[in-house]
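Hello,

Here is the structure I promised to pass on. Please open it first, then read the notes below.

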Amino acid sequence: MAEAAKKTEPKSESERPMINDPNETWITRIFNYRCYITFLTGFYSCDWEYEEWDKTELGSCCCSRIEQVFFVCLVISFCVSVTLLFLWIETSNEYFDFDWVVHLGTGRWFYWSILMLSLTGIMTAYTSLLLVLGFLLLWERMELFLHACHKVLIWLVIILCVFLMAIICKFWRDKWLIAGLSLKIFAPYVHLCGIAVMSIISWPLSFYVSRLEAEIRLRRFKMTCFEVQNEEETDIFRRLRALQVAVAFPFLLLLICLYLLPLGIYSPCIQKTEDLGPRPVFIAHRGAPMVAPENTMMSFEKAVEFGAYALETDVYLSYDHVPFLMHDHDLSRTTNIKEVMPNATYNHSAFFSWPLLRTLNAGKWFVENMPYYNMKPLSEEDKRRARNETIPKLVDLLELAKKERKFLIFDLFGPPPTHPLRNGYIRHVVDLILKSKIEQHLILWLPVYDREYVKQVAPGFQQVGRFLSVEKLAEENIKMINVDYKKLFYNGLREYKAANININLYIINEPWLFSLAWCSKINSVTTDNIPLLSQMSYPYFFMTPGYYMGIWLLVDFTSAVIITAIFCFHWWREAEKEKMREVCNASGKVQGLACSSLSSPYPLLPRALAIPMKRKETASLQEKPTQPPDRIGESPWIINPPNKGSKKPPSVKDNVKTDAANAPKPPLTESSKDTNTYYSTFSETSQEPRTK
């Protein structure tokens, strides 16, 4: 590793020349270069000692094969972590269900969804930081040496992300559908943000492409002027050109695709204002569970206060034939059954009798756990009331619905096989509803079992179907369906709307999903978040086609102008730098700035072109005989003996002139003609006339 690093001994501040190099990057002029390089190598390689590193040549490999493999692994880890983070952010509508499922397996209520979100965010931030550091090191043309700890963590990130996505694909495959739905509403904004990002990326990319072009011109000039056209130089020349195409072509192709992306975008929220349907009505899922304990009378009363169109609940039958409101198959999550009867904590809810059920506390858990991560704090009065809530009966909810004239829809769970009402629970509940004297049209009947009996006994009930075909719904004379939003938006929405069937979607908690349902002309939504959604007077992300087209053309035109200007600016700047180097080589100084090329034995040539000439001299010196010269015994301070009568010996400068005048002149070849032509361009700045 030490050999590949090609480190050189650091120079002290006094030994390091203060040269203002015109080729230095903007980042080296703004920040302390030592601190900058130490920051990059410290975080990327865990090497916090500053050392001068040899920069790799443009077009050459930046690191070893192993480092290349791990850099590819770093890119893969970044991609999978970003994908997982995006998926988890878009599924925020399902966070409560995820926490509930984990609670069933662990028996402990916690914000598991937020923990998952934090984990994916940390992995994405970590891989993003390493990737940015790696690109900055490549920008400085420094070799990559990823620390072993980072390599292990990168593999852990890849394995963990792949494992989590595999679990999601197996158990929550429909969560991927949510990500697709989000693009339906966010696609126009993703398009605009993508163009903005491409405009920002164009600055470093155009700088890099222009530097590659400048390097290609220098090498081409060297090959034509000094006839160093060997196989290695030709290979580097091709590599630079290929690298230039590999960087610029994908960028331009992606940019063109982004410019034309609106032609393939379909978003329900892009429509005319007069085509926008009315706001969907709300069906309060278990009441208002974000402000009161679910399936309690306090929760349903809060839902009525927020203007709910209908009330939704879940019904079980006790062992003594009393229908009561409960969602889970046991009482462990929403009651204090563990304190009252620890041995019966996980028994089925239908095996308890009503005298015991009515004594259980059904609200204390809500105040202690605050089950929704985005729920607002409760007032002291609501906390006191919630702590005293109990399990209500179905009759209590029927009385509230009859009083407030609210529609009522519920899931009726069948009792276990050994329950006394195993086969007759439907008829028992229907008779109870009819005895309550509630208007029959206020009942939205959802259970499928024994539906024909319900139609005969209670013809006024509104039959609600599931995700069935239009033909099946027409056969059963069903005019309303209750379906999962993840399935409807991909299949059957147009058919249902064409058949004039009322659609209710469950469960819609996020404003963007409610906006999507609103723009899609959905009739009603079942929601937990009725306090927030009831405040929306207009769908989010709504825009007219003309407005979006204007933004599209304006952003595309502005981006094209900015990107073109950036490319032209970097191209012009590299051309100006080339002119400055030529003037610097000719005069030695440009506006008082020291030129680094003066240290070269070929001051009239660019440094990159002087190096091969120096190599030729070195090779020619190695071919000379190693015998000492004839004047080895003479004084080292006098090359030629002084002339008679002169008071002062000739200077070293005079001796050099004399040797140059007496030296035999080589024949004039084609290459020397080209070289003399190159030198003649700077003859005006020479102090002495040139002689052929």
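In which hand of crossing does helix 4 pass helix 6? The crossing is left-handed. Please keep in mind that this is a predicted model.

**Helices 4 and 6**

Helix 4 covers residues 65–90, and helix 6 covers residues 112–139. Their axes come within 8 Å. They cross at roughly 145 degrees. The contact between the two holds 16 nonpolar residues and nine polar ones. Charged residues are absent from the contact.

**The chain as a whole**

The chain has 692 residues, and 43% of them are buried. It contains 26 helices and 13 strands. Its accessible surface is about 38,400 Å². Carbon and sulfur atoms account for 61% of that surface. Take the contacts between residues at least 6 apart in sequence: 68% of these join residues at least 24 apart.

**Lysine 175**

Look next at helix 8, residues 175–226, where you will find lysine 175. Is lysine 175 buried or exposed? Its relative accessibility is 14%, so lysine 175 counts as buried, the cut-off being under 20%. Set aside the neighbours within four places in sequence, and lysine 175 is in contact with Leu87, Thr91, Glu94 and Ile168. Lysine 486 is 311 residues away from lysine 175 along the chain. Even so, 8.1 Å separates the C-alpha atoms of the two lysines.

**Aspartate 328**

Strand 5 (323–325) and helix 11 (337–340) are linked by a loop, and aspartate 328 lies in this loop. Aspartate 328 counts as buried because its relative accessibility is 2%. Which side chain does the side chain of aspartate 328 join in a polar contact of 2.7 Å? The partner is arginine 333. Beyond four places in sequence, aspartate 328 touches Trp100, Tyr316, Arg333 and Ser349.

**Helix 21 and what flanks it**

Helix 21 runs over residues 511–519. Nine of its nine residues are buried, so helix 21 is largely enclosed by the rest of the structure. Among these buried residues are Trp512, Phe514 and Trp518. Pro511 and Cys519 belong to the buried set too.

Go back along the chain to the loop between strand 10 (502–506) and helix 21, where isoleucine 507 has its place. The peptide bond from tyrosine 506 to isoleucine 507 is cis, with omega near -20 degrees. Why point this out? Most peptide bonds are trans, and most residues other than glycine have a negative phi.

Following helix 21 comes lysine 521, with a positive phi near 65 degrees.

**Two further positive phi values**

Asparagine 500 has a phi near 60 degrees. It sits in the loop between helix 20 (493–498) and strand 10. At 63% relative accessibility, asparagine 500 counts as exposed.

Aspartate 450 has a phi near 55 degrees. Its loop lies between strand 7 (443–445) and helix 17 (451–457). Aspartate 450 counts as partly exposed, because its relative accessibility is 26%.

**Where to start**

Begin with the left-handed crossing of helix 4 and helix 6. Then turn to the buried aspartate 328 and its polar contact with arginine 333. Finish with the cis bond before isoleucine 507.

Best wishes

Note on methods:
Residues are numbered from 1 along each chain as its sequence is written. This is a predicted model: local features need pLDDT of at least 70, side-chain atom pairs count only at pLDDT 80 or more; totals for chains, interfaces and linings use all residues. Side-chain values use heavy atoms; hydrogens and water are left out. Helices (H or I, at least four residues) and strands (E, at least two) are DSSP runs, numbered from the N terminus. Buried means under 20% relative accessible area, exposed over 50%, partly exposed in between (1.4 Å probe, protein chains only). A polar contact is a pair of N or O atoms within 3.5 Å; within protein, one must be able to donate a hydrogen and the other to accept it, and residues adjacent in sequence count only if both atoms are side-chain atoms. Contact means heavy atoms within 4.5 Å. Accessible areas come from the Shrake-Rupley method with a 1.4 Å probe; for residues, only the protein chains shown count as cover. Axes are lines fitted to C-alpha atoms, for helices over the stretch in contact, and angles run from 0 to 180 degrees between N-to-C directions. A crossing is left-handed if the near helix is turned anticlockwise from the far one by less than a right angle, and right-handed if clockwise. Ala, Val, Leu, Ile, Met, Phe, Trp, Tyr, Cys and Pro count as nonpolar, Asp, Glu, Lys and Arg as charged, and the others, Gly among them, as polar.
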